[in-house]
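Work through the exercises below with the coordinates open. Each task is followed by a stepwise solution.

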Amino acid sequence: MGEINKKVVIIGGGITGLAAAFYMQKEAREKGLPLDVLLIEASNRLGGKIQTIRRNGFIIERGPDSFLIRKKSFGILAEDLGIEKELVRNSTGQAYILLNKVLHPIPLGSVMGIPTQLGPFVSSGLFTLGGKLRAAGDLFLPRSGIEGDQSLGGFFRRRFGSEVVENLIEPLLSGIYAGDLDKLSLESTFPQFKEVEQDDRSLILGMKKTTPKKVPQKEGYGAKREGVFHTFRNGLETVVEALEEQLEKDSVMKNVRVEQIDKAGEKTVLTLNNGQTIEADAVIMTTAHEVARKLFKPHGLLTELADMPSTTVATVAMAFPEESIVQDREGTGFLVSRNSDYAITACTWTSRKWPTTTPDGKVLIRSYVGRSGEESIVSLSDSDIEKIVLTDLRKVMDIKEDPEFTIVSRWKEGMPQYVVGHRERLGAARVEIAKQFPNVKLAGASYEGVGLPDCINQGKAAMQEILEALF
């Protein structure tokens, strides 16, 4: 009698789950492991937040539009899928901060808002003289001496004062997390800044030392550089389509939800909403933390994640004929200071940043609405959101006509917030789950990084842990 195959179930078909399934099947093939992998997705499609609309020659992303090249895992996945030739880099150009109805260039040499070149910072209209002098205090202030975690807002305000935080650092970091800087965890979002402070005392001096002389680290600072982001020529969903095609036949179930998780000896028993039950040797849970928490609540687990918030956001893509917009500014888009009276939080001039997304003679603009504390706009109708966004854009740009079409994409509780103490709570939750369900692993955007490469890394790490436990 042959060996009975081990069964691993992956719950959630976003990029984390897809990467875990793909690499687990790859390992099993290459090493001849007796293993069955099943991926269960509650919706009718795979990819999670990666959703590309291809319409009238436009490539429009509903969710993320790219990934950082320096985070290697996504590029490696593209190679492993044989689609790396489809990758394109972003075009670079000036990025702006919108403050008091004026588009101010982000000062050259800013790294996440920290000035590494004093000239552009001193000449910037983003700050008053008092704000600039206060920010210079970073050069003289001692290390904070705070033990444990702290908020990003508190950390940066202590180093640079409120003006630089509100007019530069907050718009940049909110663009990534759509969160409240005074609640977000330094340890779980940008621990490298704490390390720089510990090593060099001054963030300005420390970042200046570590920043390459000719290549600014953050997209949009200065011009004529190589882009630091990648996407696919035909949209990010290219990776989802390739993964789905290359996953083994019959290893994916869509439109099926896990309703209950129980234990039977060494096995984890999953009850599905179609009445089926599955006995698994191991489970990788890649859903949002809210879903995981509800499933484990009957067992008294993941209670630490109960207070972890998620922000509701939306993206608004608008297509225009070229002649209907006068764009007298070079560049790729702007971020909006919270001190400004606008509903939009950021805007990408997509047809400039990603020329492959837009047919000749057309312009594509993608705006963002919703962030921590400002989420109600997302519940309005598409037409109301379109009107509000268009009104905001017309204050900044000369737009003569209404868009040819608009696509509004809502992400209800779509942005998990790593609030102060996140790492500690997550660690405690994992210890507890390991006691009762040793072969259940948590992975995904709710835990250790919201970026696509972070999610792939988590899926691969969970996959390796499971294989080590089973074989």
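A residue counts as buried when its relative accessible area is under 20%. Keep that cut-off for the first two exercises. The model is predicted.

**Exercise 1. Classify the ring pair of Phe-155 and Phe-156, and place it in its surroundings.**

Step 1. Search the whole structure for aromatic pairs: there are 13. Phe-155 and Phe-156 form one of them, with centres 5.2 Å apart and 70° between the planes.
Step 2. Planes over 60 degrees apart count as edge-to-face, so this pair is edge-to-face.
Step 3. Apply the accessibility cut-off: both Phe-155 and Phe-156 are buried.
Step 4. Follow the ring pairs outward. They link Phe-155 and Phe-156 with Tyr-177, Phe-190, Phe-193 and Tyr-418 in a cluster.

**Exercise 2. Describe the pair of Phe-296 and Phe-437, and find which parts it ties together.**

Step 1. The centres are 5.4 Å apart and the planes 75° apart; the pair is edge-to-face.
Step 2. Locate the residues. Phe-296 belongs to helix α11 (residues 289-296), and Phe-437 to the loop between α14 (422-436) and β24 (440-442), so the pair ties together parts 141 residues apart in sequence.
Step 3. Check burial. Phe-296 has 0% relative accessibility, so Phe-296 is buried. Phe-437, at 1%, also counts as buried.

**Exercise 3. Build the sheet that holds β13, β14 and β15.**

Step 1. Pair β13 (residues 258-264) with β14 (residues 267-272): six bridges, antiparallel. Lys-263 stands opposite Thr-268, and Gln-260 is the bridge partner of Thr-271.
Step 2. Inspect the turn. Two residues separate β13 and β14 in a hairpin, and Gly-265 there has a positive phi of about 65°.
Step 3. Pair β14 with β15 (residues 277-280): four bridges, again antiparallel. Thr-268 has Ala-280 as its bridge partner in β15.
Step 4. This second hairpin has four residues between its strands; Gly-275 in the turn has a positive phi of about 90°.
Step 5. Assemble. The result is an open, antiparallel sheet of three strands in the order β13-β14-β15. β13 and β15 are the edge strands, each pairing on one side only. The twist averages 25° from one strand to the next.

**Exercise 4. How do the axes of helices α2 and α15 cross, and which residues meet?**

Step 1. The axes of α2 (residues 73-81) and α15 (residues 452-470) come within 8 Å and cross at roughly 70°. The helices are therefore roughly perpendicular.
Step 2. List the contact. Ser-73, Phe-74, Ile-76 and Leu-77 in α2 meet Leu-452, Pro-453, Ile-456, Asn-457 and Lys-460 in α15.
Step 3. Sort by class: six nonpolar, two polar and one charged.

Definitions and conventions: Residues numbered from 1 in each chain as written. Predicted model: local features only at pLDDT ≥ 70, side-chain atom pairs only at ≥ 80, totals over all residues. Heavy atoms only, no water. Axes fitted to C-alpha atoms, helices over the stretch in contact; angles between N-to-C directions. Parallel < 35°, antiparallel > 145°, perpendicular 65-115°, else oblique. Contact = heavy atoms within 4.5 Å. Nonpolar A, V, L, I, M, F, W, Y, C, P; charged D, E, K, R; others polar. Pairing = 2+ DSSP bridges. Phe/Tyr/Trp six-rings, centres within 6.5 Å; stacked < 30°, edge-to-face > 60°. Buried < 20%, exposed > 50% of the residue type's maximum accessible area, 1.4 Å probe, protein only.
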